[in-house]
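Subject: Structure for you to look at

Dear colleague,

Here is the structure I said I would send. My notes on it follow below.

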Amino acid sequence: ISRPALTPAISQAVTFTAADAGRKISSSMTVNRAYRSVGCRVTDTVDTPAVTGCSTDSFSIRPSSISLSTPALNNTGSSGDPKAMTGDSFTLEVSTVAGYDGTPVVVGSLESHAGGSAGTLSGSFGAADINTGTATGTGFAYSEVGNFRFSTNAIHDTGFTSIDQTADCIDGSYSNTLSDGKVGCDFSNSEATSWIGRFIPEHFILSIDDHGVLADTCSGFSYSGTDIPFSSDPFITISALNSSGAVTANYKGDYAKLVIADINMPALTGDGTTVGADGVTPVTLVWNSGMPSLTSNNNGTFSFALTGDTFTYGRGSNDMVAPFTSDVDLLVNAVTDSDGVAATGLPQIVSPTGVEVRFGRLNLLNAYGSELQTLPMTMQVEYYNGTGNGFVANTTDTCTVVN
């Protein structure tokens, strides 16, 4: 077979003696380039004409290892830049030596940052540039939050030495040390690579687990002008997701950036359904925020609770209407953490179960009799029962105390 000579040439002189009995082991040769298939040519220049012989068994010269080039996403920490969303495409590059034109394959495991669990990596490398031995993959995507790296032997090539794999290398081995005159057929990253990251969720979603219940503060109803608490608090689950819609379990600890101030819920100005005496303007409603809480569940989800909140209906002239069932609509307008990860599917409304609201008063009734006598005067608890009825006695009131 006619083959071109290696460039630069690799050669050495071998001198036979009678003691060699026609068999001679050459000295070591160093080749700084990879080749899929090479052979040896031996020329005896002593004889005329020269005697030339070629090897009958071709062999490969493989790279000793594969190394990951410093990635553009080289953030090893839990904050700052660079960063990318889970599911975003990014580029990775591995290098070997010139002459390598194979295609590295990711087959091994990934390691996550401390306290995290490794996600799934999609994407692949293209064939290496034979002039540089560098292979690039532009369509990689990672499914989890945080940082990851490739474990030892996670990136390898098992096909470049195919010409040797029947007998001349050790199948399934990455060894560069001779064993019975052979090295491993495969080569890989010989140690864990540098860290790649930082990855953040693609978006949040909210799930209202419990809308809550407003308390009746006076045996089945509550008065306007008094603080109406929850008898059962509302609860919301906020989940951090990747681009495939899966929860990112590593969004926890230092890698979770969501705080309670990132949840935007605008103030209330009126009841959601009932309008006042003018028939247009909603009955006045004030939301008195309590101690809301946001608790990480350490699995990529958070529990958000409204605790200690109260709601007060107004007692202006326009608020004097017949009894009605409260319609408190708490709007979750936006959720965006400090990395800019935002919730989709908003706004959502938390609507706690309502309570009957009455516009009440104390009425001191007239007493008739001589000014020379002590006249008892009756005080009556009343509520407004609409334009046709006016104020009527509130016979079910069990809460009003007069000192």
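Which residue in strand 25 is the bridge partner of Thr295? That partner is Ser303. Please keep in mind that this is a predicted model.

The two strands concerned are strand 24 (residues 293-296) and strand 25 (residues 301-305), which pair in the antiparallel sense over 4 bridges. Their hairpin has 4 residues between the strands, and Asn298 takes a positive phi near 60° there.

On the chain as a whole: it has 34 strands and 0 helices. Its radius of gyration is 40 Å, whereas the globule rule gives 22 Å for 403 residues, so the chain is more spread out than a compact globule. The C-alpha trace spans about 155 × 35 × 30 Å along the principal axes. Of the 403 residues, 36% are buried. If you take the contacts between residues at least 6 apart in sequence, 69% of them join residues at least 24 apart. The exposed area of the chain is about 21,100 Å², with carbon and sulfur atoms supplying 51% of it.

Next, the nonpolar cores. In soluble globular proteins, nonpolar side chains tend to be buried together. The largest nonpolar core here has 36 residues, and those that touch the most other members are Phe204, Ile238, Phe311 and Leu330. At least two residues of this core come from each of several strands, including strand 16 (203-210), strand 20 (235-241), strand 23 (282-288), strand 25 and strand 26 (310-313). A second, separate core has 24 residues, among them Val94, Phe150, Ile155 and Ile196.

Phe311 may be a useful place to start in the viewer. Beyond its neighbours within four places in sequence, Phe311 is in contact with residues that include Leu214, Ile228, Phe230, Leu268, Leu285, Trp287, Val328 and Leu330. Polar residues are also on its contact list, among them Thr226, Asp227 and Asn288.

Last, the sheet made by strands 32, 33 and 34. These 3 strands form an open sheet in the order 32-33-34, with antiparallel pairing. Strand 32 (360-364) and strand 34 (391-393) each have a single partner strand and stand at the edges, so one side of each is left without a neighbour in the sheet. From one strand to the next, the twist averages 45°. Strand 33 (residues 379-384) is joined to strand 34 by 3 bridges, and the bridge partner of Tyr384 in strand 34 is Phe391.

Regards

How values were computed
Residues numbered from 1 in each chain as written. Predicted model: local features only at pLDDT ≥ 70, side-chain atom pairs only at ≥ 80, totals over all residues. Heavy atoms only, no water. Pairing = 2+ DSSP bridges. Axes fitted to C-alpha atoms, helices over the stretch in contact; angles between N-to-C directions. Core = buried A, V, L, I, M, F, W, Y, C linked by side-chain atoms within 4.5 Å. Buried < 20%, exposed > 50% of the residue type's maximum accessible area, 1.4 Å probe, protein only. Contact = heavy atoms within 4.5 Å. Rg over C-alpha atoms; globule rule 2.2 N^0.38 Å. Areas by Shrake-Rupley, 256 points an atom, 1.4 Å probe, with all protein chains shown as cover.
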